[in-house]
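Reader: I have a sequence and a model in front of me and would like to go through the fold step by step. Please keep the answers short.

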Amino acid sequence: MIFRYKALPALIYLAVLLIFALLLSACGTAESQAESNNGSENESEIKIGPLPGYLAPDFELEDLTGQKVRLSSLRGKILVINFWSTSCRYCLQILPDFDEFNRSKAEDVVVLMVNLDVNNDRLPLYIENQGFTFTVLKDERGEAARSYLIYGMPTTIFVDKDGIVSMRLEGPLNKSHLDSIVEQIRQKS
């Protein structure tokens, strides 16, 4: 069989056109999904997920005193949810900034520090010794972490007053970042 090299550029051109058309159609689908998620008042029509534009997955975890906290019960507040571990040095480095932010935040903001340590018996003593004032929730089985697709720490999720994820950031943040992001969320509301 003789392969004709003259047909090869035409085949490549058609393949590139097909790929380009698929990419354009996918972009249109994502935009229309985001518009329908943001413009819908009916919660049953809003998709649940850990990404911006989606309704934040609900969870119920215990704080360090054994009190249960359900995420959905905090609607009407801006939520700053940080997933962290005591074995993560970057997580430990940012805890003072989160605490400073927590002490200075407005009343319509709630800071939830979700600890992912499996054996966190010493966690209450650590938090007390450091003098931290934020709410620490225990996710020993990793259920909330799985629903938020946490694969690295620290990861911070920002949720608006309607329960919609506004932003997701992986890596360290400082107080000025936290102040700025919460102010952006407040202005969009």
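Reader: How many helices and strands does the protein chain have?

Author: This is a predicted model. From the N terminus on, its elements run α-β-β-β-α-β-α-β-α-β-β-α. The count for the protein chain is 5 helices and 7 strands.

Reader: Which stretch has a pLDDT that stays under 50?

Author: The protein chain averages a pLDDT of 85, and 77% of the residues score at least 70. One stretch stays under 50, and for that stretch the model has 10 contacts beyond four places in sequence. The stretch is residues 20–41.

Reader: What share of the residues in the protein chain is buried?

Author: Of the contacts between residues at least 6 apart in sequence, 61% join residues at least 24 apart. The protein chain has 189 residues, and the buried share of them is 38%.

Reader: How do helix α2 and helix α5 pack, roughly parallel, roughly perpendicular or oblique?

Author: Two packed helices are described by the angle between their axes and the distance between the axes. Helix α2 (residues 89–104) and helix α5 (residues 175–188) have axes 8 Å apart, at an angle of about 45 degrees. Roughly parallel needs an angle under 35 degrees and roughly perpendicular one of 65 to 115, so α2 is oblique to α5.

Reader: What is the handedness of that crossing, and how do the residues of the contact divide?

Author: The crossing of α2 and α5 is right-handed. Helix α2 contributes Asp97, Phe98, Glu100, Phe101 and Ser104 to the contact, and α5 contributes Lys175, Leu178, Asp179 and Val182. These residues divide into 4 nonpolar, 1 polar and 4 charged.

Reader: Is phenylalanine 98 buried or exposed?

Author: Phenylalanine 98 has its place in helix α2. Leaving out residues up to four places away in sequence, phenylalanine 98 touches Val80, Asn82, Val111, Met113, Phe134, Thr156, Leu173 and Leu178. The C-alpha atoms of phenylalanine 98 and methionine 113 are separated by 8.8 Å, with their positions 15 residues apart along the chain. Its relative accessible area is 0%, and the cut-off is under 20%, so phenylalanine 98 is buried.

Reader: Is leucine 116 buried or exposed?

Author: Leucine 116 is in the loop between β4 (109–115) and α3 (123–130). Beyond four places in sequence, leucine 116 touches Phe83, Trp84, Asp139, Ala145, Ile150 and Met153. With a relative accessible area of 18%, and because the cut-off is under 20%, leucine 116 is buried.

Reader: Where is tyrosine 148, and is tyrosine 148 buried or exposed?

Author: Tyrosine 148 has its place in the loop between α4 and β6. Among the residues that tyrosine 148 touches, not counting those up to four places away in sequence, are Pro50, Phe59, Phe83 and Arg168. Phenylalanine 83 is 65 residues away along the chain, with 9.4 Å between the two C-alpha atoms. At 0% relative accessibility, tyrosine 148 is buried.

Reader: Which residue has a positive phi although it is not a glycine, and which two residues does a cis peptide bond join?

Author: Most residues other than glycine have a negative phi, and most peptide bonds are trans. Leucine 149, in the loop between α4 and β6, has a positive phi of about 50 degrees. Proline 154 is found in the loop between α4 (143–147) and β6 (155–159). With omega at about -5 degrees, the cis peptide bond joins methionine 153 and proline 154.

Methods:
Residues are numbered from 1 along each chain as its sequence is written. This is a predicted model: local features need pLDDT of at least 70, side-chain atom pairs count only at pLDDT 80 or more; totals for chains, interfaces and linings use all residues. Side-chain values use heavy atoms; hydrogens and water are left out. Axes are lines fitted to C-alpha atoms, for helices over the stretch in contact, and angles run from 0 to 180 degrees between N-to-C directions. Helices (H or I, at least four residues) and strands (E, at least two) are DSSP runs, numbered from the N terminus. Angles under 35 degrees count as roughly parallel, over 145 as roughly antiparallel, 65 to 115 as roughly perpendicular and the rest as oblique. A crossing is left-handed if the near helix is turned anticlockwise from the far one by less than a right angle, and right-handed if clockwise. Contact means heavy atoms within 4.5 Å. Ala, Val, Leu, Ile, Met, Phe, Trp, Tyr, Cys and Pro count as nonpolar, Asp, Glu, Lys and Arg as charged, and the others, Gly among them, as polar. pLDDT is the predictor's confidence in each residue, from 0 to 100. Buried means under 20% relative accessible area, exposed over 50%, partly exposed in between (1.4 Å probe, protein chains only).
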